[in-house]
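Reader: I'm looking at this one for the first time, and I'd like to know what stands behind the words people use for it. Can you take me through it?

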Amino acid sequence: MNLKELMLNIIYDENYEPMTIKDLENYMKADKYTKSAIVDELKELEKENKIRISHKKRIMPLSLEETSLLGKISLAQGGYGFFISDNKDFNDVYIGKDKLKGAFDNDKVRIEITKKEEKGRNAEGRVVEIIERGNTRVVGTFQESKGFGFVIADNKSMTQDIYIEKKLSHGAKNKDKVVVEIINYPKKGKPEGRIVEIIGHKNDNNVDVYSLVAQHGVPYQFSKETKKEVLYIDKEVNPDDYKNRTDFRDLFTVTIDGRDSKDFDDAISIEKNGNNYDLYVHIADVSHYVKKGRSLDNDAYDRGNSTYLYNVVIPMLPKELSNGICSLNPNVDRLTLSLKMTIDGKGKVIANDFYKAVINSDHRLVYDDVNNFIDHNDETVYDDELLKEKLLLFDELHKILRRKREERGAIDFNFTESQIDVREDGKVLNISVHERGSGNKMIEEFMLAANETVATLFGYMDFPFIYRIHEKPSTEKLDNFKRALNTMGYNIRGNELYPKDFQRILEEVEGEDEENIINLLMLRTMQKAKYSKKRDIHFGLSTEFYTHFTSPIRRYPDLIVHRLLKKYIENNLTKLNQVSLEMSLEKSSEHLSMTERRSEDCERDVEDLMKCKYMRRFIGEKFDGTISSITDFGIFVELENTVEGLFMYKFSNERFEYQEDSLKAFNTDKKKYYSIGDKVKINVLNVDIYDRNIDFNLLEENETISE
């Protein structure tokens with residue numbers, strides 16, 4: 001626990017009596033160095049609006065009301081906004097355009113309530129203080145003028161253009177996509193900024209994707225220092241690197257990945273050991289090449305993970321490592337951290353060993369071929385008899401592990417994923433449902449087992465570690481999920497649901513028309529998984545021990561785990577300062593959870609962009625779809641190709657009522673109900689590339705698909 005946390009614990013203790021700074025120093029028995037730090041931290045806490053200093057100079061905790069009136073502004077395109085409180089139980093507050101006091105989207109503010117909440121209407125308020133600006137950098141299009149210019153933000157909620165002096169334009173040309181740093185928010189007039197990066201011309205290939213990358217703050221250019229470091233990275237394994245490593249080069253080993261994959265983190269081997277199985281999971285030894293504290297490591301940490309955007313990849317590591325010396329390419333020696341798990345016929349890991357190793361992969365396999373061989377008995381895919389024998393053994397073990405995981409209640413979602421085919425120039429060729437076969441599930445099962453085994457090792461040692469945790473769903477989300485299921489005829493009882501309950505629901509709806517919708521609703525009910533230095537449950541996997549170990553080329557948390565695991569293999573864990581390590585892991589967990597969310601948000605926006613680019617050619621055409629969600633403003637419909645669009649009530653000639661209790665929409669003119677999971681027919685009304693929205697029109701009742 002750091003000094004700031006310690007002080008907050010003291011100040012927010014239920015028995016706390018307000019103290020002066022001197023009182024607090026005496027209470028904490030501070031020396032002269034700590035006294036200085038206490039004063040500095042108190043200033044920070046006051047600036048962050050986490051405490052209040054009274055007029056009598058006493059340190060005061062914030063009341064629940066004070067805390068509730070602190071939060072962020074979310075602006076709408078109409079110029080008005082909503083205040084989202086730091087207190088999650090506090091409902092959003094409507095802030096009129098003239099009540100924003102110059103606040104922009106995502107600004108941290110303090111508000112006051114001017115009109116209390118009424119049934120069906122948000123409370124209203126006004127901004128009284130802008131505490132911190134949320135967006136110091138904005139992505140937009142530069143418009144050149146005589147002697148100056150403007151940037152029109154891509155984010156339409158930023159309704160004001162940003163003024164750019166000519167000397168601060170960074171040489172931008174008319175219609176260039178740029179990143180602008182806001183340097184002044186005047187009380188009157190437009191915000192002022194300077195251009196810090198030119199992404200490309202508005203019509204350049206993939207500039208729309210890179211604009212979203214910049215908008216989300218994903219770093220996509222390596223530093224000069226990193227580029228220099230990469231020049232000295234070995235192209236092949238150095239003979240000196242074989243020392244003190246277990247030689248697994250004679251072990252039959254394969255990688256299984258997507259056809260377009262270029263970076264191979266993991267390889268697998270298997271041997272039958274009596275009634276047991278010896279499964280080897282070999283993971284690229286990235287930590288051998290990426291040394292802590294070097295520029296290459298710093299850039300990787302800043303990115304936190306690779307970001308995959310169809311035809312554009314923002315790698316965590318330069319391609320010389322991710323596609324080269326770290327990648328477990330076939331028929332070349334590669335350094336690994338290898339885990340050998342002995343697994344019995346019931347799927348229990350009864351023994352494990354970890355190695356610093358060297359391997360030489362025999363085959364680079366792709367999912368499509370493996371799926372054809374296993375799922376469709378296509379013997380023509382491979383002519384190597386040993387390979388066929390090993391694949392069948394892999395499949396045998398994968399099914400055992402899967403059955404064990406299902407028995408303990410792990411939730412195995414089965415919703416449809418999008419397969420989006422994009423050309424190098426950004427043209428979207430096709431969108432379809434992504435098929436997952438036995439090859440995909442096999443690798444997933446083996447990696448889950450490896451991750452759990454590593455986490456269990458450190459969990460039982462009670463040594464500082466970085467875990468992957470997944471907290472149970474909130475009561476509110478559970479209630480909404482149960483209500484949605486009830487509208488589809490599934491009655492769920494009990495105040496609390498456990499992983500096995502969710503798995504039972506998925507088994508019940510398997511093969512039914514509403515299977516995909518229920519999978520999606522369930523996914524939305526779940527909390528976000530995150531990284532943590534504190535061990536906690538992984539609700540979705542129904543386990544107490546989980547981490548990420550298997551993808552160090554594309555995830556930085558795995559690199560942290562590898563460094564700790566190496567210390568364990570070398571019997572050097574005791575040399576680490578555990579207090580310092582705990583503080584470092586806490587900071588890293590927060591940062592890496594953020595970078596993961598950042599990439600996921602970016603990937604989601606790019607997916608929406610690609611779907612809009614594809615559907616633009618189908619404006620006016622009819623499609624079959626399924627209602628995926630119903631809100632007070634419209635009905636969301638998902639098409640068979642996974643594209644989702646919105647039918648908005650306000651654009652209809654007929655009147656609709658949203659019935660919140662039953663999650664239904666009622667067409668009052670035609671006396672027709674619409675429920676989640678209903679099959680409908682739509683036509684594509686409009687596609688907005690810039691806002692990444694697709695508008696549908698529900699067709700007449702006689703064109704609705706019957707069950």
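Author: Sure. Keep in mind that this is a predicted model. Let's begin with one pair: Ile164 stands opposite Gly193 in strand 12.

Reader: How do you know that strand 10 and strand 12 pair?

Author: Two strands count as paired if there are at least two bridges between them. Strand 10 (residues 162-165) and strand 12 (residues 192-201) have 2 bridges, in the parallel sense, so they meet the cut-off of at least two bridges.

Reader: What sheet does the order 8-9-10-12-11 belong to?

Author: A closed barrel of 5 strands, with mixed pairing. On average, neighbouring strands there are turned by 50° against each other, direction ignored. Helix 5 (residues 207-215) lies across strand 8 (137-145), strand 11 (176-184) and strand 12, and runs at about 145° to strand 12.

Reader: What makes strand 29 and strand 31 edge strands?

Author: Each pairs on one side only. The sheet is an open one of 3 strands in the order 29-30-31, with antiparallel pairing. Its neighbouring strands are turned by 25° against each other on average, direction ignored.

Reader: How do you know that strand 29 and strand 30 pair?

Author: Again we need at least two bridges. Strand 29 (656-659) and strand 30 (residues 664-667) are joined in the antiparallel sense over 4 bridges, so the condition of at least two is met. Phe656 stands opposite Asn667, and Glu657 stands opposite Phe666. This hairpin has 4 residues between the strands, and Leu663 takes a positive phi near 55°.

Reader: And how many bridges join strand 30 to strand 31?

Author: There are 3 bridges, and the two strands run antiparallel. Asn667 turns up again here, with Lys672 in strand 31 as its bridge partner. These strands also form a hairpin with 4 residues between them, where Lys671 in the turn has a positive phi of about 55°.

Reader: Which annotation covers residues 620-699?

Author: An unreviewed UniProt entry gives "domain: S1 motif" for that stretch. In the model, residues 620-699 are 0% helix and 59% strand, and the end C-alpha atoms are 12 Å apart.

Reader: On to the helices. What is the class make-up of the contact of helix 11 with helix 15?

Author: Helix 11 (residues 438-461) and helix 15 (residues 556-569) pack at an angle of about 60°, with their axes 12 Å apart. The crossing is left-handed. Helix 11 brings Val454, Leu457, Phe458 and Met461, while helix 15 brings Val561, Leu564, Leu565 and Tyr568. That makes 8 nonpolar, no polar and no charged residues. Tyr counts as nonpolar here.

Reader: Which residues of helix 7 meet helix 16?

Author: Tyr301, Asp302 and Arg303 do, and on the helix 16 side they meet Lys587, Ser588, His591, Leu592, Thr595 and Arg598. By class, this contact has 2 nonpolar, 3 polar and 4 charged residues. The axes of helix 7 (residues 295-303) and helix 16 (residues 578-615) come within 8 Å and cross at roughly 60°.

Reader: Last one: why does the radius of gyration of the chain agree with a compact globule?

Author: With 707 residues, a compact globule would have a radius of gyration near 27 Å, and the chain has 28 Å, so the two agree. The C-alpha trace spans about 80 × 75 × 60 Å along its principal axes. Within that, the chain has 16 helices and 33 strands.

Conventions
Residues are numbered from 1 along each chain as its sequence is written. This is a predicted model: local features need pLDDT of at least 70, side-chain atom pairs count only at pLDDT 80 or more; totals for chains, interfaces and linings use all residues. Side-chain values use heavy atoms; hydrogens and water are left out. Axes are lines fitted to C-alpha atoms, for helices over the stretch in contact, and angles run from 0 to 180 degrees between N-to-C directions. Contact means heavy atoms within 4.5 Å. A crossing is left-handed if the near helix is turned anticlockwise from the far one by less than a right angle, and right-handed if clockwise. UniProt positions are given in the numbering used here, feature names are shortened, and annotations may be inferred rather than shown by experiment. The radius of gyration is taken over C-alpha atoms; the globule rule is 2.2 Å times the number of residues to the power 0.38.
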